[in-house]
Structures are given as C-alpha cells and as structure tokens.
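Here is a friendly walk through an annotated site and two of its residues. Have the sequence and the model open as you read.

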Amino acid sequence: MTSISKRKQDHIQICLEEEVEGLNQTNGFDQYHFQHEALPEIHFHAISTRSSFLGKALKVPYLVSSMTGGTDEATRINRKLAKAAQERGWAFGVGSVRAAIEHPELMDSFRVRDVAPDVPILTNLGAVQLNEGYGVEACQQAVEAIEADGLVLHLNSLQEIFQPEGDVNFEGLLSKIEQLCRALPFPVGVKEVGFGINGKLAQKLIEAGVAFVDVAGAGGTSWIQVEKYRLQDPVRRAAAQTFAEWGIPTAVCLEQMRSYAPHAVRIASGGMKNGLDAAKAMALGGHLVGFGRTLLPAAVEGEEPLHLLMQQLEFELRAAMFGVGCADLDALGSTDALHQVDRTPPMR
C-alpha cells in the first residue's frame with residue numbers, strides 16, 4: 001500500500017469510527033424555520049425536484065460529495081455510491097485523484113463511469129498541488145482518466161497544516177486557478193472541505209472564471225479532527241482541540257455567496273444531515289446540495305441501506321416543499337417562507 005493509499009484508508013476508518021464533527025458547531029440551518037402553509041394548493045405527487053448540472057439532467061438537486069479513492073475499500077464505496085447516484089439521478093464526485101496520478105495503478109478506484117453513464121461526475125484535486133508542480137496536463141489527466149464532466153479543486157489549508165504529510169504553501173493560488181480556468185476546456189469548480197468559503201472569496205473565484213463554488217461549510221466533518229487521530233506530534237495534536245470550533249457554518253457561507261456572487265452556481269455542502277436541511281439550503285440560494293459522511297456508513301453497509309437513506313433524503317425535500325406550497329425548485333428558491341429564528345430573549 002502506498003503512503004497516500006494508507007492515508008486514504010485511515011481517513012475512511014476514522015470517519016466511520018471516531019467523533020470527527022466540529023465542537024459546538026452546526027451547519028447553521030437550525031437558525032432558520034419554514035413557515036408552514038396549511039393550504040399548499042399543489043398535489044404532492046406533482047412536485048418536481050428535477051434540475052441539471054454541467055449540462056446533464058438530475059432527478060434531484062443532490063450531489064454525492066467528493067470523499068474517497070485510492071484503496072480497495074474506496075473502490076467498493078465509490079462504485080456503490082456512483083451506481084446509486086445513477087439510479088436515483090444524483091450528481092457524483094470522487095475524492096482527490098492525486099493518488100492515482102502519482103500511482104496510476106490506483107486509477108481504477110476512481111473510475112465509475114461504467115456504473116454511472118448518465119449523471120454528472122466530478123473529479124477532484126487539491127488546489128495546493130498547483131504549487132507542487134501540477135498544472136494543465138495533470139488536470140486534464142484527472143478528468144480524462146475517469147471520463148468526468150468537470151474538475152473541482154479543493155481548498156483544505158487548515159487540514160494540510162494538521163496533516164502529518166501536509167502541503168502548506170497556499171501562496172499565489174488564485175492566479176493559478178484563474179490561469180487553469182482559461183486554459184482548460186471543461187468546467188472548473190472550487191470547494192472547501194468543511195471550513196467554509198466566505199462571500200468575498202466566492203466572488204473572487206467566480207471573477208477568476210470558476211464555474212461553480214461548493215461552500216462546504218462547518219457543521220459536519222472537521223478534517224482537523226480527522227487528522228488529529230493520525231498525529232504523533234503532541235503539539236499539533238493538542239492544538240487540534242483548540243481549533244475544534246473552527247469554520248463558517250454552511251448557511252452563513254451560502255447567504256454570503258448569494259450576496260457577493262448572486263449569479264454564480266452555488267453548491268451547499270458541509271454538515272447536511274437531511275432533506276429539510278437541503279430544502280433550507282435551496283431556499284437560501286443553493287442550486288445543488290452535497291451529502292458526504294452522512295452517506296458513508298450506509299454505503300459501507302450495503303446497497304439496500306444506501307438506497308433507503310437516499311430515498312429518505314429525497315422524500316424529506318419533497319415534504320418540505322409540500323409544507324410551504326412549492327411545486328418546483330424555482331418556487332423553492334424564491335419562497336418567502338424561510339425565516340431566521342429570533343434567538344433574542346424576551347424583555348422583562
């Protein structure tokens with residue numbers, strides 16, 4: 001097993017077995033409530049959740065967020081998730097393909113087009129690798145090798161400095177991302193890994209030519225906490241606990257991005273637990289909602305548990321839409337039924 005493969009296997013096991021969510025942190029959607037509409041004036045079975053992404057149709061505006069690859073277990077997980085995404089009409093993302101670019105024998109762990117021929121597939125590389133010799137050729141290889149529809153560059157600066165093998169030179173990346181967007185013939189997106197992208201940065205990324213931004217905010221997996229379980233360095237292991245609350249909640253990221261980049265394609269991921277979270281994200285301006293570790297245990301367990309969970313997430317979205325009288329996603333995106341909860345204590 002290569003060192004990268006070992007790291008990927010560690011990540012899977014830690015995410016399945018350890019407490020890796022941020023401390024005292026939610027995705028922010030608990031701060032919003034829908035106002036119930038007792039007379040929705042629509043037929044539940046007529047509600048449409050159809051959407052599209054990267055020119056391909058989706059039955060539901062959901063994305064299997066980039067998670068894994070590079071190991072035998074990751075191969076099985078990716079194929080189960082991709083097959084389910086095909087059958088249910090979700091988009092699908094693989095984990096970082098850096099492992100396979102450096103070790104081509106690992107590329108099959110990312111190849112899922114044979115079981116997901118019709119849905120959008122995103123390949124994935126760390127943006128920091130642009131400072132480690134990666135460029136247009138590596139990005140093209142990452143897309144072509146797995147027949148992906150687009151590339152997502154992930155930003156994981158805090159994870160890298162806590163990772164034993166981390167790459168920590170994030171200098172000058174925005175200009176390199178811009179150069180890539182101009183040079184590559186396919187869409188390039190950018191995502192965080194669970195600490196969030198603020199509105200000003202989202203605006204800069206869109207101005208640089210990025211096709212979509214996945215805010216990937218706080219409220220779910222903290223990759224600082226994941227790396228904590230791999231650290232031998234006592235200083236960084238102790239410091240990881242100091243940063244257990246780090247990050248911008250997903251709902252806050254989404255609100256900021258809608259304000260700073262109102263015409264951009266916005267993906268909401270980070271701590272998304274259910275279809276009600278997804279409905280709130282769509283009402284706050286999201287175009288797609290990503291689920292990651294929420295799906296992982298079911299994917300490991302088997303196809304039937306995975307399909308049941310995905311079916312539940314889809315039903316919860318439609319139930320929320322019915323509850324506020326929205327017959328389609330356009331109506332949900334423009335609804336005035338979502339209100340921020342007033343947490344101010346009553347005056348005495």
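R7 is buried, with a relative accessible area of 8%; buried means under 20% relative accessible area with a 1.4 Å probe and protein chains only. This model is predicted, so local features need pLDDT of at least 70, side-chain atom pairs count only at pLDDT 80 or more, and totals for chains, interfaces and linings use all residues. Residues are numbered from 1 along each chain as its sequence is written, and side-chain values use heavy atoms, with hydrogens and water left out.

The UniProt record (an unreviewed entry) lists R7, K8, S96, V97, R98 and Q159 under "binding site"; such annotations may be inferred rather than shown by experiment.

Here are R7 and V97 side by side. Helices (H or I, at least four residues) and strands (E, at least two) are DSSP runs, numbered from the N terminus. Contact means heavy atoms within 4.5 Å, and neighbours within four places in sequence are left aside for R7 and likewise for V97.

| Residue | Location | Relative accessibility | Contacts |
|---|---|---|---|
| R7 | helix α1 (residues 3–17) | 8%, buried | R98, Q163, E165 and R230 |
| V97 | loop between β5 (91–93) and α3 (98–102) | 0%, buried | F110, T123, N124, L125 and A142 |

How values were computed
Buried means under 20% relative accessible area, exposed over 50%, partly exposed in between (1.4 Å probe, protein chains only).
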